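Let's walk through this one together, a question at a time. Have the model open beside you as you read.

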Amino acid sequence: MSKRIIVTGGAGFIGSNFIFHMLKKYPSYRIICLDKLTYAGNLSTLEPVMNNPNFRFVKLDICDRKGVYALFEEEHPDIVVNFAAESHVDRSIENPEVFLQTNILGTQVMMDACRKYGIKRYHQVSTDEVYGDLPLDRPDLFFTEKTPIHTSSPYSASKASADLLVLAYHRTFGLPVTISRCSNNYGPYHFPEKLIPLMIASCLNDKPLPVYGKGENVRDWLYVEDHCKAIDLIIHNGREGEIYNVGGHNEMRNIDIVKLICKELGKPESLITYVTDRKGHDMRYAIDPTKIHTELGWLPETKFEDGIKKTIKWYLDNREWWEAIISGEYQNYYKRMYIKRDK
Ligand code: NAD
Ligand code: TYD
């Protein structure tokens, strides 16, 4: 059966990959992308689907209650998938306020719209960072859905607050919600201020590769397409009111990733520069994805060795995409395209 889905934050990294996945897999679905186009939003990413009659892009802030309600009245969505967020930990340390606004209050506006207009599912895209971190000397420990919330950064605190609000809307108002908490994603269209794309772009430009602290921090890397497939399963088959952890059992130390990127690109490790550590830097994230595997049959399909090669190739083949970001030119794309396209 055909569905109408509002995807917020769809001009960002994971949201755009999700839109591509959904339009390809469900040609009869209508996908409406709602995105404010902050520095992290890049409309040119969505160029391949702009002319698809089942796709619409709307430039809108999720905190704009009037605008969001008007969009719901017009589009009558069945499902909302909320990716929109300020997502960069380092920026949250510099300026927490916008994180609280978008990540918490924006979530509230989206859920109020869902209540007012009645939807079948509100899905919140959350993060494993709500669980805080694990020690390096306890490789036996993993985050499960029952791990207590214990946040470290303003970013993770804002995401955890949003999760609590989502669960409260379920309990108090009966809103049909689900939450996914995913580990670090990598793949195409990843904004080049995050570890993997930053290191690839810097390597290709023979620039220093800034590794925080000793580079021993561990992240559990998941190929973005596998995350999109997990969300697809959750919105169709996941149980209301439930949280699903999504992770790849693929732990890597930052320094090993940076060295691997140097090797793949034939660049010297002498580019690596150790810099002052991030404040409150989480040591290790590691997800136990048993619940989504047993309930929904999800498993990550892309091995890190393959995923990182595909990702590096994508950045080599799509140099103009990330070079336009580094030069700032991508922010003019909207001005050139929007008036013509938002119909
Ligand atoms: P991103 O920063 O690449 O994209 C965020 C998008 O949201 C951008 O297009 C931006 O313009 C939009 N946006 C920001 N504020 C907005 C607002 N007020 N109104 C409307 N749109 C707004 O982020 P991402 O890496 O694609 O992450 C997407 C979601 O997944 C986030 O909620 C993030 O917390 C979560 N997540 C990300 C990762 C990861 O590894 N990237 C891991 C786990 C969870
Ligand atoms: P990041 O991509 O910002 O994701 P997150 O903080 O959400 O996990 O960072 C991934 C890891 O890489 C994290 O431990 C911080 C580290 N890092 C660096 O060492 N250097 C960098 O320039 C960046 C951006 C991150």
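Q: How many salt bridges does a search of the whole structure find?
A: The model is a predicted one, and a salt bridge here needs a side-chain nitrogen of Lys or Arg within 4 Å of a carboxyl oxygen of Asp or Glu. Searching the whole structure on that basis gives a total of 21.

Q: Which side chain meets glutamate 75 in a salt bridge, and which strand is that partner in?
A: The side chain of glutamate 75 pairs with arginine 30 at 2.9 Å, N to O. Glutamate 75 belongs to helix 2 (residues 65-75), and the pair links distant parts of the chain, 45 residues apart. The partner is arginine 30, in strand 2 (residues 30-35).

Q: Are glutamate 75 and arginine 30 buried or exposed?
A: Buried means under 20% relative accessible area. Glutamate 75 has 3%, so glutamate 75 counts as buried. Arginine 30 has 19%, so arginine 30 is also under the cut-off. The answer for both is buried.

Q: How many residues apart are arginine 278 and aspartate 90?
A: Here too two side chains meet in a salt bridge, at 2.6 Å from N to O. Arginine 278 sits in the loop between strand 13 (272-275) and helix 9 (290-296), while aspartate 90 is in helix 3 (residues 89-94). Both arginine 278 and aspartate 90 are buried. Their separation along the chain is 188 residues.

Q: Which helix holds both glutamate 323 and arginine 319?
A: These two side chains form a salt bridge of 2.9 Å, N to O. An α-helix has 3.6 residues a turn, so residues three or four places apart point the same way. Glutamate 323 and arginine 319 are four residues apart, about one turn, in helix 11 (residues 319-327).

Q: Which class of exposure do glutamate 323 and arginine 319 fall into?
A: The class between buried and exposed runs from 20% to 50% relative accessible area. Glutamate 323 has 36% and arginine 319 has 29%, so both are partly exposed.

Q: Which residues are joined into one network by salt bridges that share partners?
A: Side chains of opposite charge can pair when their charged atoms come close. Where such bridges share partners, one network results, and its members are Arg4, Arg30, Arg56, Glu74 and Glu75.

Q: How far apart are the end C-alpha atoms of helix 4?
A: Helix 4 (residues 97-117) has 21 residues, and at 1.5 Å a residue it should span 30 Å. The value in the model agrees with that expectation: 29 Å.

Q: Where is the kink in helix 4 centred?
A: The kink in helix 4 is about 30°. Buried residues of helix 4 include Ile104, Gly106, Thr107 and Val109. Past the end of the helix comes glycine 118, with a positive phi near 75°. The kink itself is centred on glycine 106.

Q: Which helix gives the largest share of the lining of the second largest pocket?
A: This pocket has a volume of about 250 Å³, and its lining includes Asn17, Phe20, His21, Tyr223 and Glu225. Two elements give two or more residues each, helix 1 (13-25) and helix 7 (224-237). By class, the lining has five nonpolar, two polar and three charged residues. The largest share, five residues, comes from helix 1.

Q: How many charged residues line the largest cavity?
A: The structure holds two cavities of 30 Å³ or more, and the largest has a volume of about 60 Å³. Among the residues lining the largest cavity are Glu129, Arg219, Arg278, Lys279 and Asp282. Alongside three nonpolar and four polar residues, the number of charged ones is five.

Q: What is the volume of the second largest cavity?
A: Its lining includes Phe13, Thr45, Tyr189 and Trp321, and helix 1 and helix 11 each supply at least two residues. By class there are seven nonpolar, four polar and no charged residues. The space in the second largest cavity is about 50 Å³.

Q: How far apart in space are threonine 45 and asparagine 332?
A: Threonine 45 is in the loop between strand 2 and strand 3 (55-59). With a relative accessible area of 2%, threonine 45 is buried. Threonine 45 and asparagine 332 are 287 residues apart in sequence, yet their C-alpha to C-alpha distance is 13 Å.

Definitions and conventions: Residues are numbered from 1 along each chain as its sequence is written. Chains are lettered from A and ligands numbered from 1 in the order in which they are written. This is a predicted model: local features need pLDDT of at least 70, side-chain atom pairs count only at pLDDT 80 or more; totals for chains, interfaces and linings use all residues. Side-chain values use heavy atoms; hydrogens and water are left out. Buried means under 20% relative accessible area, exposed over 50%, partly exposed in between (1.4 Å probe, protein chains only). The expected span of a helix is 1.5 Å times one less than its number of residues. The bend at a residue is the angle between axes fitted to the seven residues ending there and the seven starting there. On a 1 Å grid over the protein atoms alone, a cavity is a set of points where a 1.4 Å probe fits but cannot get out, and a pocket is an open set with protein on both sides within 12 Å along at least five of seven lines; lining residues have an atom within 4 Å of a point. Grid points are joined across faces, edges and corners, and a volume is the space filled by probe spheres set on the points. Ala, Val, Leu, Ile, Met, Phe, Trp, Tyr, Cys and Pro count as nonpolar, Asp, Glu, Lys and Arg as charged, and the others, Gly among them, as polar.
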